[in-house]
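Trainee: I should like to request a close look at a single part of this model. Please take one residue as the starting point and then describe the elements of the fold.

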Amino acid sequence: MIELVIADDQSLIRMALRNLFNSEDDIHVAAEAENGQEAWDLVSRLRPDVALLDIRMPGIDGLEVLRRIGRDANLAATRVVMITTFEVDDYIFDALSNGAAGFVMKDAPPEDLLKAVRLAAAGDSLLSPDVTRKVINAYAERGTSTGRPHPGLAGLTERELEILRWVATGLANDEIGERLFISPATVRTHVGKLLSKLTARDRAGLVAIAYRSGLDIPEV
């Protein structure tokens, strides 16, 4: 059973999320929070498998809760999925860099929300291609990307570098495999090697590395 904490300052959204997740046999909403401080108190006490955090909340925001989770060794097993809107693009790359396991839109289809939580609990990540592409485009327009290659890129094979570019689109392993005509298992193997070689925590970390290095990200 996946233990989940939900944090959002809008009661209607919390209710909708609670009803969605509690309707599933493998997910249990352990607690809900209406602000960042309450979210942090609940997560630090309950140590859930996944925390689903709104980025903007009263008091401390979702990003600060994410940072605190990342700094607390007792919460190493807790994964964070951010729920967001297109209005907060400025914060998404920051969250990626701080270890968020995924992003889903508040108006995303229910199956996307469920998939994000399940993947996060399993140690994987889900980055919506729409969110990822919009963020990359926004930062590219502002010239925020450093364009300085990560030192670990030099040790990658051509195939691994290709996989890294596709991971940065937010596509899942099966979707990447379809585009490259390889199996999802092969993609998974390459992703594992990328995580090791680039010392990234998860797929979100790989996205941050790809973007910061100025890699050419495929259109999806």
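**A loop aspartate and its surroundings**

Mentor: In this predicted model, a polar atom of the Asp 8 side chain lies 2.8 Å from the backbone nitrogen of Gln 10. Asp 8 belongs to the loop between strand S1 (2-7) and helix H1 (11-22). Its relative accessibility is 0%, and therefore Asp 8 counts as buried, the cut-off being under 20%. Beyond its neighbours within four places in sequence, Asp 8 is in contact with Ile 13, Arg 14, Ala 33, Glu 34, Asp 54, Met 57, Ile 83 and Lys 106.

One of these contacts, Ile 83, leads to strand S4, which spans residues 79-84. Strands S4 and S5 run parallel and are joined by four bridges; Thr 84 stands opposite Met 105 of S5. Strand S5, residues 102-105, is covered on both faces. Gly 102 and Val 104 are buried on one side, while Phe 103 and Met 105 are buried on the other. In a regular strand, side chains alternate between the two faces of the sheet.

Helix H3 (residues 62-71) offers another pattern of burial: its buried residues are Gly 62, Leu 63, Val 65, Leu 66 and Ile 69. Viewed down the axis of H3, these residues fall within an arc of 160°, so they line one face of the helix. An α-helix has 3.6 residues a turn, so residues three or four places apart point the same way. At the N-terminal end of H3, Asp 61 acts as a cap, with a side-chain oxygen 3.2 Å from the backbone nitrogen of Leu 63.

Note on methods: Residues numbered from 1 in each chain as written. Predicted model: local features only at pLDDT ≥ 70, side-chain atom pairs only at ≥ 80, totals over all residues. Heavy atoms only, no water. Buried < 20%, exposed > 50% of the residue type's maximum accessible area, 1.4 Å probe, protein only. Helix = DSSP H or I, 4+ residues; strand = E, 2+ residues; numbered from the N terminus. Pairing = 2+ DSSP bridges. Arc of directions from axis to C-beta. Polar contact = N/O pair within 3.5 Å; in protein donor to acceptor, adjacent residues only side chain to side chain. Contact = heavy atoms within 4.5 Å.
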